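Work through these exercises with the sequence and the model open side by side. Try each task before you read its solution.

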Amino acid sequence: MSNSSKSKQAAHHFCVRYVQLRVDRLHAEIEKITEALLSEVKSTAGDKHETGRALLQLEREKLGYQLLEAERMQQTLQKVPLKTRTNKVGLGSLVSTNRARYYIAISAGRFEVDGGIIFCVSANAPIGKLLLGKTLSDTITFNGQNSTITAIQ
């Protein structure tokens, strides 16, 4: 197995782990809030009590939306082809440019592997949109800097 193939697998594993940790954290936070809501007994505090419950409900809703987004990221990762190799940048591509390397899957941030850095980006991220459909030797301009594609894995 080539180094770039290992790097691609490592980047994919990083993304899977990133999303799973996020989902686990969100589930734990939602569970904590749900327990707080269930354990609260109607008190004599009146409005103060209701305000506290309303804030907990809002927080639970916010976490619910974040969980939904994380689950969408998991679904995207399930669609990422791991074995295919194409001449065009697409979902699942590991793209090397003269400036940086990008794994097109989900926005999971910076990942270090084999002494180098890979940026895990979504196909909907600005740099992802610029790279999609490009081929070897194509040049893109991002943040005022030109980058030329040197490899697509």
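**Exercise 1. The hairpin**

Which two strands form a hairpin with two residues between them, and which residue in the turn has a positive phi?

Solution. This is a predicted model. Start at the turn.
- Step 1: the hairpin is made by β3 and β4.
- Step 2: Asp114 sits in the turn, with a positive phi of about 50 degrees.
- Step 3: check the pairing. β3 and β4 run antiparallel and are joined by five bridges.
- Step 4: find a facing pair. Val113 stands opposite Gly116 in β4.

**Exercise 2. The sheet**

Write down the strand order of the open sheet, and name its edge strands.

Solution. Build outward from the hairpin.
- Step 1: β2 pairs with β4 in the parallel sense, over five bridges. Ile104 stands opposite Val121 in β4.
- Step 2: β2 also pairs with β1. Strand β1 (residues 94–97) and strand β2 (residues 101–105) run antiparallel, with three bridges. Here Leu94 stands opposite Tyr103 in β2.
- Step 3: place the strands. Six strands give the order β3-β4-β2-β1-β6-β5, and the pairing is mixed.
- Step 4: read off the edges. They are β3 (109–113) and β5 (139–142), each of which pairs on one side only.
- Step 5: add the twist. From one strand to the next it averages 35 degrees.

**Exercise 3. The helix on the sheet**

Which strands does helix α1 touch, and what angle does its direction make with that of β3?

Solution. Follow the helix across the sheet.
- Step 1: helix α1 covers residues 3–39 and packs on the sheet.
- Step 2: its contacts are with β1, β2, β3 and β4 (116–122).
- Step 3: the angle between the directions of α1 and β3 is about 135 degrees.

**Exercise 4. The cores**

Which residues of the largest nonpolar core touch the most other members, and which element gives the most to this core?

Solution. Go from general to particular.
- Step 1: recall the background. In soluble globular proteins, nonpolar side chains tend to be buried together.
- Step 2: the largest nonpolar core has 23 residues, and Cys15, Leu77, Tyr103, Ile106, Ile118 and Cys120 touch the most other members.
- Step 3: sort by element. At least two residues each come from α1, α2 (47–79), β2, β3 and β4. α1 gives the most, with eight residues.
- Step 4: inspect Cys120. Leaving out residues up to four places away in sequence, Cys120 touches several residues, among them Ala11, Phe14, Cys15, Tyr103 and Phe111.
- Step 5: look elsewhere. A second, separate core has 13 residues, including Ala125, Leu131, Ile140 and Ile152.

Note on methods
Residues are numbered from 1 along each chain as its sequence is written. This is a predicted model: local features need pLDDT of at least 70, side-chain atom pairs count only at pLDDT 80 or more; totals for chains, interfaces and linings use all residues. Side-chain values use heavy atoms; hydrogens and water are left out. Two strands pair if DSSP finds at least two bridges between them. Helices (H or I, at least four residues) and strands (E, at least two) are DSSP runs, numbered from the N terminus. Axes are lines fitted to C-alpha atoms, for helices over the stretch in contact, and angles run from 0 to 180 degrees between N-to-C directions. Contact means heavy atoms within 4.5 Å. A nonpolar core is a set of buried Ala, Val, Leu, Ile, Met, Phe, Trp, Tyr and Cys residues joined through side-chain atoms within 4.5 Å. Buried means under 20% relative accessible area, exposed over 50%, partly exposed in between (1.4 Å probe, protein chains only).
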